[in-house]
Amino acid sequence: GEPGSEVTEHAVKMRRLPDDRTLDQLLAAGEPPEGLIERIVDRLVAFHGSAEVVGDDRDFAGAPAVRAWWEREYGETIGNIGGTWREQDASRLRSYVDATIEREGALLDQRLAQGHVVEGHGDLQAKHVYALGPVADQLVIVDCIEFSDWFQFRYLDVGYDVAFLAMDLEAQGRTEL
């Protein structure tokens, strides 16, 4: 705009990435290109190493925060118990999560204190990873959570990104990756 004018709306020009170059599509088509998984690991290590680290605030990201998140999520589902969610399944899940948070709470707090909780991706899946270029040497990792109004989804233990991608690869029958 002109000097002194007020910006009323910003425009974003986006480039569409090729659907057939996502990691999940490359896996469905056969083996991933040579060294691709190693390049993804290197990218994640660099990304997490340079990401904004969350301060040692247990109410934001430690065991109390995980417990509060679980209580909120569980509370939103209570109306489904006895309907689409079997009572025994809800009870088993509640017991399991409560016991896990109790058992692992000190570890959650320790990882926060050690700087392992950062502004990250949140739910990295194979469909978020694009391998471009003639030998898949250009990686693009996309994330829609950054557009979310609820920013806390972006702040997580670095293990979450690794775990989400590992679970996705396992679900696709590729545990060796």
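**Overall dimensions**

I began with the radius of gyration of this predicted model, and found 20 Å for the protein, where a compact globule of 177 residues would have a value near 16 Å. I then looked up the extent along the principal axes, and the C-alpha atoms fill a box of roughly 55 × 50 × 40 Å. For the surface I noted about 11,800 Å² exposed, of which carbon and sulfur atoms supply 53%. Buried residues make up 30% of the 177 residues.

I also checked how the contacts are spread along the sequence: among those between residues at least 6 apart, 72% join residues at least 24 apart.

**Secondary structure**

I counted 6 helices and 4 strands. Reading along the sequence, I wrote down the order as α-α-α-α-α-β-β-β-β-α, a pattern that I kept at hand while placing the side-chain pairs below.

**Aromatic pairs**

My search of the whole structure for aromatic pairs returned 3. I took Phe-60 and Tyr-155 to begin with: their ring centres are 5.7 Å apart and their planes stand at 70 degrees, so I entered the pair as edge-to-face, the class for planes over 60 degrees apart. This pair links distant parts of the chain, since Phe-60 belongs to helix α3 (residues 58-61) and Tyr-155 to strand β4 (residues 155-157), with their positions 95 residues apart in sequence. Which side of the burial cut-off does each ring residue fall on? Phe-60, at 22% relative accessibility, counts as partly exposed, whereas Tyr-155, at 17%, is buried; the cut-off for buried is under 20%.

I went on to Trp-70 and Tyr-74, whose ring centres are 5.4 Å apart; their planes are at 45 degrees, so I recorded this pair as tilted. The two residues are 4 apart in helix α4 (residues 63-77), and are therefore separated by about one helical turn. Both Trp-70 and Tyr-74 are buried. I noted further that Trp-70 and Tyr-74 form one aromatic cluster with Trp-85.

While looking at Tyr-74 I found a charged neighbour as well: the charged end of Arg-94 sits over the Tyr-74 ring, 4.5 Å from the ring centre.

**Salt bridges around Arg-94 and Arg-86**

The structure holds 11 salt bridges, and I followed several of them. Arg-94, the residue over the Tyr-74 ring, also meets Asp-98 in a salt bridge, with an N to O distance of 3.4 Å. Asp-98 and Arg-94 are 4 residues apart in helix α5 (residues 87-113), which means that about one helical turn separates them. I looked up the accessibility of each, and both come out as partly exposed, Asp-98 at 32% and Arg-94 at 23%.

For Asp-89 I found a salt bridge with Arg-86, in which the closest N and O atoms are 2.9 Å apart. Asp-89 counts as partly exposed at 26% relative accessibility, and Arg-86 likewise counts as partly exposed at 47%.

**Arg-111 and its surroundings**

Where does Arg-111 lie? I placed Arg-111 in helix α5, and its side chain meets that of Asp-157 in a salt bridge, 2.6 Å from N to O. Because Asp-157 lies in strand β4 and Arg-111 in helix α5, this pair ties together parts that are 46 residues apart in sequence. The two partners differ in cover: Asp-157 is buried, with a relative accessible area of 12%, while Arg-111 is partly exposed at 25%.

I then asked what Arg-111 touches, leaving aside residues up to four places away in sequence. The answer was His-116, Val-117, Asp-157, Val-158 and Gly-159, so that the salt-bridge partner Asp-157 appears in the contact list too. I also took one C-alpha to C-alpha distance here: Arg-111 and Asp-56 are 9.4 Å apart in space, though 55 residues apart in sequence.

**A shared network**

My final entry concerns salt bridges that share partners, which join Glu-31, Arg-174 and Glu-176 into one network.

How values were computed. Residues numbered from 1 in each chain as written. Predicted model: local features only at pLDDT ≥ 70, side-chain atom pairs only at ≥ 80, totals over all residues. Heavy atoms only, no water. Phe/Tyr/Trp six-rings, centres within 6.5 Å; stacked < 30°, edge-to-face > 60°. Buried < 20%, exposed > 50% of the residue type's maximum accessible area, 1.4 Å probe, protein only. Lys NZ or Arg CZ within 6 Å of the ring centre and 35° of its normal. Salt bridge = Lys/Arg side-chain N within 4 Å of Asp/Glu carboxyl O. Rg over C-alpha atoms; globule rule 2.2 N^0.38 Å. Contact = heavy atoms within 4.5 Å. Areas by Shrake-Rupley, 256 points an atom, 1.4 Å probe, with all protein chains shown as cover.
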